[in-house]
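Work through the exercises below with the model open beside you, and try each task before reading its solution.

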Amino acid sequence: PLNIVPAYSKNSVLPLSLFYHNHGYNTFVLLDNDYESNQTASQLKNNKFSETQIIFFEIDGKLLQSIEDYMMPEDYLYAVNQTYEIKLRREGYTSLTKEEVLIHGKKGIVENLKSVWNDHSEDDWDEFDKEEVCRYICGKIALNDTSFLTEKTRDSIRNLYRLIAERIRQYQNTTPME
């Protein structure tokens, strides 16, 4: 059986991982591709985690900035627009397009959206909250209403599952049975 334990914040990834690892669980850690995650990876290695157990988000060897980048930009923006059209309707929010967001040239969709929100700091948009968008997406998935996800996004997420499965196989093949 595979148990997935959400960390809920970057600050809890390391202690949660160490807890499960130190209590005998074969633990694998999924990480964003940023400075904090690289620091976490170094600390995990110092605590006897192997390279195989530390999984940075990637597709075909190309690192992704965050898990959100497994979704096609249009699919993720659908969720963003559904979330914020209601939340920021009084602040003049209108649906964002892929072109309006990606023009900022940042590394991932979330970083680009943070730039869009910075552009609207005087419009009382506060900060971009990817957790709000995640709640929307997870709610739709829980209701089995995933029609907004294109086949490209589904394939991309399947790639993540394959990456995890491959790492588990690698780990099992290199770890002596107890």
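**Exercise 1.** Determine which span is expected for H3 from its number of residues, and set it beside the distance between its end C-alpha atoms.

*Solution.* Helices here are DSSP runs of H or I with at least four residues, strands are runs of E with at least two, and both are numbered from the N terminus. The expected span of a helix is 1.5 Å times one less than its number of residues. The 15 residues of H3 should therefore cover 21 Å, and the end C-alpha atoms lie 20 Å apart, which agrees.

This is a predicted model, in which local features need pLDDT of at least 70 and side-chain atom pairs count only at pLDDT 80 or more, while totals for chains, interfaces and linings use all residues. Residues are numbered from 1 along each chain as its sequence is written, and side-chain values use heavy atoms, with hydrogens and water left out.

**Exercise 2.** Find which residues of H3 are buried, and which helices they pack against.

*Solution.* Buried means under 20% relative accessible area, exposed means over 50%, and partly exposed lies in between (1.4 Å probe, protein chains only). By this criterion Asp75, Tyr76, Leu77, Ala79, Val80, Asn81, Thr83 and Tyr84 of H3 are buried. Taking contact as heavy atoms within 4.5 Å, the buried residues of H3 pack against H4 (98–102), H5 (109–119), H6 and H7 (151–174).

**Exercise 3.** Describe how the axes of H3 and H6 cross.

*Solution.* Axes are lines fitted to C-alpha atoms, for helices over the stretch in contact, and angles run from 0 to 180 degrees between N-to-C directions. The axes of H3 (residues 73–87) and H6 (residues 130–142) come within 9 Å and cross at roughly 105°. Angles under 35 degrees count as roughly parallel, over 145 as roughly antiparallel, 65 to 115 as roughly perpendicular and the rest as oblique, and H3 and H6 are therefore roughly perpendicular to each other. Among the residues making the contact are Tyr76, Ala79 and Tyr84 of H3, together with Val133 and Tyr136 of H6.

**Exercise 4.** Describe how H1 and H2 are arranged, and state how accessible Glu36 is.

*Solution.* The axes of H1 (residues 10–22) and H2 (residues 35–46) come within 10 Å and cross at roughly 15°. That makes H1 roughly parallel to H2. In their contact, residues including Lys10, Val13 and Leu14 of H1 meet residues of H2, Glu36 and Thr40 among them. Glu36 is partly exposed, with a relative accessible area of 48%, and its C-alpha atom is separated by 9.1 Å from that of Asn11, 25 residues apart along the chain.
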